[in-house]
Amino acid sequence: HGHLLEELEPVSTFPLQENDGPDLLLRLRSMLTNLKVGVNHHQKPDLEALFMEGKWEDVIRIGDPKDEFEKDIVAQAYLMQGKDLSKNAKLEEDFSKFEQAFDKFQKAIEIKPGMHGAYIIWGTALSDLASLKKDASIFEQAFDKFKKAIDIKPNIHQVYYNWGHSLSDLAIIKEDFSLFQQACDKFKKAVDINPNYPRAYA
């Protein structure tokens, strides 16, 4: 419709004859303009732009998890929602927010099963919850998530570092020196994969 509007632009807007009634050209222009606005109004928003703006809920609401391209963005939006929730849960020591975060991680993985990053973040959040509750069984759940991340992508230094950190926390709770040794083994693995990763030396 845009090209028709351009072609009508140079045409006179005045009535061709006196007392012709409403100007047909004006009516045509108005109709085409409304159609053009309608088309633009119904165009799907840019999911990538929404994601970059941090509008996770909009991405999830608008995106199609069955679409090959859009499902990646939707899964990432769920992951970011979960990450934000787990961060606040840790700061506020709010166990219910941890559960909400875990639901988001689960949805991300349901959309994209090979999403190793979701397992890493989920495992880290479980470890935070385990530390707050001083619950060894939750640490085991965290370790299971780290294992799944490695099954998908073996050479990720971050997962070994996070795993080692979680083992250190569990070692303190259980007062178990052998767990400290296991933690050191994970830190060493992180360094083997990425010698320039400074946090593993801390």
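The buried residues of helix α8 (buried meaning under 20% relative accessible area with a 1.4 Å probe, protein chains only, exposed over 50%, and partly exposed in between) pack against α7 (116-133) and α9 (157-174). The structure is a predicted model, in which local features need pLDDT of at least 70 and side-chain atom pairs count only at pLDDT 80 or more, whereas totals for chains, interfaces and linings use all residues. Residues are numbered from 1 along each chain as its sequence is written, and side-chain values use heavy atoms, with hydrogens and water left out.

The protein chain contains 10 helices and zero strands, where helices (H or I, at least four residues) and strands (E, at least two) are DSSP runs numbered from the N terminus. Read from that terminus, the order of elements is α-α-α-α-α-α-α-α-α-α. Of the 202 residues in the protein chain, 37% are buried. Among contacts in the protein chain with a separation of 6 or more, 47% are formed by residues 24 or more positions apart, contact being defined as heavy atoms within 4.5 Å.

Helix α8 comprises residues 136-152. Its 17 residues should span 24 Å at 1.5 Å a residue, and the distance of 25 Å between its end C-alpha atoms agrees with this; the expected span is 1.5 Å times one less than the number of residues. The buried positions in α8 are Ile138, Phe139, Ala142, Phe143, Lys145, Phe146, Ala149 and Ile150. These residues cover an arc of only 155° around the axis, which places them on the same side of α8; the arc is that of the directions from the helix axis to the C-beta atoms. An α-helix has 3.6 residues a turn, so residues three or four places apart point the same way.

Helix α10 (residues 177-193) was examined in the same terms. For its 17 residues a span of 24 Å is expected at 1.5 Å a residue, in agreement with the 25 Å that separate the end C-alpha atoms. Leu179, Ala183, Phe187, Ala190 and Val191 are buried in α10. Seen down the helix axis, the buried residues of α10 fall within an arc of 130°, so they line one face. Phe177 and Lys188 are exposed on the other side of α10, while the buried residues of this helix pack against α9. Aspartate 185, also in α10, is partly exposed, with a relative accessible area of 43%. Its C-alpha atom is separated by 7.6 Å from that of glycine 164, 21 residues apart along the chain.

Two residues of α9 were considered individually. Serine 168 is in this helix and counts as buried at 15% relative accessibility. Neighbours within four places in sequence left aside, serine 168 is in contact with Phe180, Ala183 and Phe187. The C-alpha atoms of serine 168 and glutamine 181 are 8.8 Å apart, at a distance of 13 residues along the chain. Asparagine 162 is likewise placed in α9 and is buried, with a relative accessible area of 17%. With neighbours within four places in sequence again left aside, asparagine 162 is in contact with Ile120, Thr124 and Phe146.

The largest pocket has a volume of about 550 Å³. On a 1 Å grid over the protein atoms alone, a pocket is an open set of points where a 1.4 Å probe fits, with protein on both sides within 12 Å along at least five of seven lines, and lining residues have an atom within 4 Å of a point. Grid points are joined across faces, edges and corners, and the volume is the space filled by probe spheres set on the points. The largest pocket is lined by 21 residues, of which Lys90, Thr124, Ala125, Asp128 and Asn162 are the closest to its centre. Two or more lining residues come from each of α5 (70-92), α7 and α9, and α7 gives the most, with nine. The lining divides into six nonpolar, eight polar and seven charged residues, where Ala, Val, Leu, Ile, Met, Phe, Trp, Tyr, Cys and Pro count as nonpolar, Asp, Glu, Lys and Arg as charged, and the others, Gly among them, as polar.

Positive phi values in residues other than glycine were found in two loops. Glutamate 93, in the loop between α5 and α6 (95-111), has a phi near 50° and counts as exposed at 53% relative accessibility. Lysine 134, in the loop between α7 and α8, has a phi near 55° and counts as exposed at 61% relative accessibility.
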